[in-house]
Amino acid sequence: MRIRSGTFRYERDRNRAKRIRRDHVMINLIESGRIVGDIAARKFAAGPGAALVSRLATPMNIVLEEAEWLALIVPRAVLDRHMAWQPALDGRACAPETAQAVILGGLLQSLDKLPQRLPLRDIACAERSSLALLATCLGGSAPTPRLGDAIKIDQATSIRRFIATRLADPELDVDLICREFDISRSRLYRVMGERADIASVIRRMRLGAIQRDIVSNRFPELALAEIGRRWGLVDERNFRRAFVHEFGYPPSDLRRQAQGDATSNVADFATIGADIERWLLGISS
């Protein structure tokens with residue numbers, strides 16, 4: 001993804017980092033502006049052309065100065081199958097024109113040029129080649145996956161993409177997914193993982209989308225129940241109960257805070273950044 005920011009400070013303390021349920025690794029190519037500070041107690045300053053490596057579940061205190069960068073976000077569990085993560089990689093800033101910065105930057109720029117919709121074989125090619133390059137560039141070795149494993153990974157990716165594009169459909173459920181991919185329930189759970197609770201994943205992704213709509217104040221004229229219906233949660237009472245259970249506060253409190261109500265008791269607005277992790281959890285293994 002491509003990200004642009006103004007100038008602001010972002011801090012993730014140790015306690016917040018520990019609450020991350022599913023870790024991810026972020027590879028960033030700075031294209032303009034600057035990002036400075038410390039990640040995992042390692043100080044750095046990254047300007048245009050630099051590549052910056054960090055983890056979602058790591059304390060950081062950084063300042064973004066009118067920055068624009070490309071980011072590749074990889075589930076830690078996926079990367080661990082291709083290389084051994086080293087603590088020295090956390091907060092590593094590769095200077096411009098070093099081999100690592102040039103190679104990683106080339107990968108991110110190439111991925112950014114790909115069309116949004118790709119055939120399954122091209123998605124698999126991009127995934128395997130990216131993981132192999134990351135493992136080599138960051139100091140690991142990339143094993144060749146067995147054919148059966150590769151097929152299962154490709155199918156799981158297609159299923160996650162299908163879920164992500166059909167969230168607004170109130171009919172989206174396990175049976176619809178099985179019909180779409182012509183597979184049995186048992187096969188679906190083997191592909192997605194025996195412990196995967198697909199209904200819960202769909203619900204969390206829907207709630208995350210609703211949360212983002214409320215935070216962005218995109219639909220100030222719509223009732224909260226209507227925003228819930230936009231994302232497939234058609235029962236207002238169940239929607240509100242599920243929202244409170246997931247985030248710890250009602251959607252009405254979040255709307256007041258998004259509209260600038262200083263009397264709201266919702267936790268620090270920055271904690272909404274945890275929604276990024278929930279979204280990633282919903283589409284990544």
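This report describes the overall make-up, nonpolar cores, helix packing and selected residues of a predicted model.

## Overall make-up

The protein contains 12 helices and 7 strands. Of its 285 residues, 44% are buried. Contacts between residues at least 6 apart in sequence are mainly long-range in sequence terms: 72% of them join residues at least 24 apart.

## Nonpolar cores

The largest nonpolar core comprises 23 residues, and Ile-27, Leu-79 and Leu-134 have the most contacts inside it. Two or more residues each come from β3 (24-39), β5 (51-55), β6 (60-75), α2, α3 (99-113) and α4 (120-138). Helix α4 supplies the largest share, 5 residues.

Leu-79 illustrates how this core is connected. Beyond residues up to four places away in sequence, Leu-79 touches Val-25, Val-74, Trp-85, Leu-131 and Leu-134. A second core, separate from that one, has 18 residues, among them Ala-156, Leu-167, Leu-172 and Met-192.

## Packing of α3 and α4

The axes of α3 and α4 lie 10 Å apart, and the two helices pack at an angle of about 165°. Angles over 145 degrees count as roughly antiparallel, and α3 and α4 are therefore roughly antiparallel to each other. The crossing of α3 past α4 is left-handed.

On the α3 side, the residues that meet α4 are Gln-100, Ile-103, Leu-104, Leu-107 and Leu-111. Their counterparts in α4 are Ala-126, Ser-130, Leu-133, Leu-134, Cys-137 and Leu-138. Leu-134 thus appears in this helix pair and also among the residues with the most contacts inside the largest core.

## Surroundings of Asp-90

Asp-90 sits in the loop between α2 (76-80) and β7 (93-94). Its relative accessibility is 5%, so Asp-90 counts as buried, the cut-off being under 20%. The side chain of Asp-90 comes to 3.2 Å from the backbone nitrogen of Arg-55.

With neighbours within four places in sequence set aside, the contacts of Asp-90 are Ile-39, Ala-40, Arg-42, Val-53, Ser-54, Arg-55, Thr-58 and Trp-85. Trp-85 is also one of the residues touched by Leu-79.

## Helix α11

Helix α11 covers residues 251-258, and its buried residues are Pro-251, Asp-253, Leu-254, Arg-255 and Gln-257. The cover over these buried residues includes three other helices: α8 (198-216), α9 (224-230) and α10 (236-247). After α11 comes Gly-260, which has a positive phi near 90°.

## Positive phi outside glycine

Most residues other than glycine have a negative phi. Glu-66 has a positive value instead, near 45°. Glu-66 is located in strand β6. With a relative accessible area of 53%, Glu-66 is exposed, because exposed means over 50%.

Asp-182 is another residue other than glycine with a positive phi, in this case near 55°. Asp-182 lies in the loop between α6 (174-181) and α7 (185-192). At 71% relative accessibility, Asp-182 is counted as exposed. Glu-66 in a strand and Asp-182 in a loop thus both have a positive phi, and both are exposed.

Conventions
Residues numbered from 1 in each chain as written. Predicted model: local features only at pLDDT ≥ 70, side-chain atom pairs only at ≥ 80, totals over all residues. Heavy atoms only, no water. Helix = DSSP H or I, 4+ residues; strand = E, 2+ residues; numbered from the N terminus. Buried < 20%, exposed > 50% of the residue type's maximum accessible area, 1.4 Å probe, protein only. Polar contact = N/O pair within 3.5 Å; in protein donor to acceptor, adjacent residues only side chain to side chain. Contact = heavy atoms within 4.5 Å. Core = buried A, V, L, I, M, F, W, Y, C linked by side-chain atoms within 4.5 Å. Axes fitted to C-alpha atoms, helices over the stretch in contact; angles between N-to-C directions. Parallel < 35°, antiparallel > 145°, perpendicular 65-115°, else oblique. Left-handed = near helix turned anticlockwise from the far one by under 90°.
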